[in-house]
Amino acid sequence: MLRQAWRWSVFRNTTAGTIRSLAAAFLGADCPLRSSGGPTRGFEDIPNPLSVKSQRFLQPQPARYLSMASGGDHPSSNHHKHTNRLAQERSPYLLQHAHNPVDWYPWGQEAFEKAKREDKPIFLSVGYSTCHWCHVMERECFEDKEIGKILSDNFVCIKLDREERPDVDKVYMTFVQATSGGGGWPMSVWLTPNLQPFIGGTYFPPRDQGRRPGFKTVLMRIIEQWQYNRATLESSGQRIIDALKKGTTITANPGESPPLAPDVANRCFQQLAHSYEEEYGGFRDAPKFPSPVNLMFLMCYWSANRRTSEGVEALQMAMHTLRMMALGGIHDHVAQGFHRYSTDSSWHVPHFEKMLYDQAQLAVAYITAFQVSGEQLYADVAKDILLYVSRDLSDKSGGFYSAEDADSVPVSGGLEKREGAFCVWTASEVRELLPDVVEGAVGAATLADIFMHHYGVKEQGNVAPEQDPHGELQGKNVLIVCYSVELTAAHFGIAVEKVNELMTSARARMAEVRKIRPQPHLDTKMLASWNGLMLSAFARVGAVLGNEAMVERAVQAGYFLKEHLWDPDQQNILRSCYRGDQMEVQQISPPICGFLDDYAFIISGLLDLYEATFETEWLQWAEELQIRQDVLFWDDQGGGYFCSDPNDVTVLLRLKEDQDGAEPSANSVSASNLLRLSHFTGRQEWLHKSQQLLAAFSDRLTRIPIALPEMVRALMAQHYTLRQIVICGQKDALDTASLQAAVNSCFLPFKVLMHTDGNPESFLCQHLPVLSSMTQLDGSATAYVCQDFTCSLPVTEPQELRQLLLDTTNPLETA
């Protein structure tokens, strides 16, 4: 994580440097701590610590092996040789390990007490159900009877789903990164019975591979060291935890104010521009991640600086990246949605996993690009993403599933899964499926000829060997748009409209074939935080497009969260729920209480849902959840929010997430939520809390804002002051909807949208009495554009409102 840039100096000259040397000695003088190479596709990794001095902001690179603190799914079967207690769990990831010959425990008191009672070290293995290299390590190590016996006899073995318990994952990942310089999943950590880590690593092969230590070797040496060198293990592990507690502290100095927004925003832009890859867009070379937080910042930066060259460049960077991703193989052209990341710099060959949080954030980024540019491509991609989510990641209860795996059984058969098997095509498959001769096409071209030309399908396959280290994609094609529709039409001598029709028809046929292929594993766990992100996506895309079905899907998601992931008795969000065998929603006992990101992402989604529907029940619930979030997670001394309950003694570090990565930091989202809610409710204490939060992160924002682009957006909103757009009219009237649509057609990053029907007893009027003075003109729905409730002259025409909102040159003409 980028936070390690700040902590590296804490460890470089203290305990951790010594520990890395000891770890090398422990494994053998010629054993590297980390792999210098190896496969990259499918390994979910976290970047190395960054050099603050050089400020080179790298994308994650593959890490594999050990750091030390010392001196998949199975083929379905009803007959299992082994069953352990994970069979009683609901997490799809834990269930994948329920038949390992390992005496696995879930994270909890039973395991902790056993470790203390038997005085054994704990082996903690962390991953998630769609993690490719988690599947590999399970197959190679945890299904091995000899390794299973070594583990079960000498350790208390705990398997943890990082998506269920991100708080625990963050603590031990921080340890692994601090002591090795990198991290990722699967994560392997050894702990004392008191949960203190003393050795950590990521993926291990089962046996020694040249200079690389195998898992069995590591286990035997840890057993030996635990027996003969335990005091050194424990003391050095404790020193690292103590150093991490200091190095991870984020706090505001007394009386400190947030840094100046324009300076921070300019620096963030410069850092992103420095890392921008001009040919295909995106940031840095392979592996290349979508990074929607970067793209949203760039469009926001353009909005505030649209008359400068920097602003124009920021917009170009965002638009080009979004376009190249949409055309590339990271975008599933047949079955919609986006894969996790690209293994190359051209967005061609992806890691084929699909994550809910990526779909949510990318849908918002693409619909924002449509608002900015008016270009239909971006709206089509946003709709495409939500079509995928509606079809493949939606539960009948209204919730959203977490992910779709990268691996599946090939069409050719066999039990061994291969990455991308569900998604890729041979040229012969395309020719067999699309044999029709296209009337009027040059050279009596078939539909297959035109499709293969347009999407880059080659007879020998279009995946370069270096992008396919295991030969899983040999002879296969990942579809990419190689030519514009106009060029394809010209090449075959047919009309552009004809090409569009042909490609739509071809993709539909291929989608039908995909349906009958062996399906990849679907993680049907439903997480509160990711459902909050997707709630925002449906609400915002639906509002911009005026699509009632999308907005209704957002409403359904809101009710799902309230029914299944909210405990009204304890007034707590719950972290997760699960799809049962009969397609019912199930909960574990006791349920996992929600973390900061669960509250923050749901609150943000509820505010977006209110602005899309004007239903105040969502605004009321957002207010209630923010009050509860403040009670549970706010740091009264240092400002900002802890990621998890600071009173949980089993979580060793009280962390505040300081990176907007694959998901935005919950503190970043909370800074915006607090500001928005202060305008909706009139609660000035939330405005002050937002300022305190930003002050706590001042050092990060000032020196390395590229780590927190979402928080920079919140800082900019504080600086530029949110505009309040108030529509006064009957909620379901057409003229009210027309004004609402005019607002939603514009990209307005610094605004809140409110509705009032003149009822002084309404939620908003009770909180903001000034709204009661706003009336309709001549009985028509009327809009007021205000800053600090100093308002423009009221308008009733949608086009006039749109022009007022887009005119950034003139100050508000007050009534």
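## A four-stranded sheet and a helix pair

In this predicted model, helix α29 (residues 798-806) lies across strands β21 and β23 (782-787), and runs at about 10° to β23. The sheet to which these strands belong is an open one of four strands, arranged in the order β22-β21-β23-β24 with mixed pairing. Because β22 (751-756) and β24 (790-791) each have a single partner strand, they stand at the edges, and one side of each is left without a neighbour in the sheet. Helix α23 (residues 666-681) also packs on the sheet, where it touches β21 and β22, and its direction makes about 30° with that of β22.

Strand β21 (residues 723-728) runs parallel to β22, and six bridges join the two; Val-726, for instance, has Met-754 in β22 as its bridge partner.

The angles of the two helices to strands of the sheet are set out below.

| Helix | Strand | Angle |
|---|---|---|
| α23 (residues 666-681) | β22 | about 30° |
| α29 (residues 798-806) | β23 | about 10° |

A further packing involves helix α20 (residues 548-564) and helix α21 (residues 596-613), whose axes are 10 Å apart and meet at an angle of about 140°. Angles over 145 degrees would count as roughly antiparallel, and α20 and α21 are therefore oblique to each other; their crossing is left-handed. On the α20 side the contact is made by Val-551, Ala-554, Val-555 and Leu-561, and on the α21 side by Ile-602, Leu-609, Ala-612 and Thr-613. Of the residues in this contact, seven are nonpolar and one is polar, with no charged residue among them.

Definitions and conventions. Residues are numbered from 1 along each chain as its sequence is written. This is a predicted model: local features need pLDDT of at least 70, side-chain atom pairs count only at pLDDT 80 or more; totals for chains, interfaces and linings use all residues. Side-chain values use heavy atoms; hydrogens and water are left out. Two strands pair if DSSP finds at least two bridges between them. Contact means heavy atoms within 4.5 Å. Axes are lines fitted to C-alpha atoms, for helices over the stretch in contact, and angles run from 0 to 180 degrees between N-to-C directions. Angles under 35 degrees count as roughly parallel, over 145 as roughly antiparallel, 65 to 115 as roughly perpendicular and the rest as oblique. A crossing is left-handed if the near helix is turned anticlockwise from the far one by less than a right angle, and right-handed if clockwise. Ala, Val, Leu, Ile, Met, Phe, Trp, Tyr, Cys and Pro count as nonpolar, Asp, Glu, Lys and Arg as charged, and the others, Gly among them, as polar.
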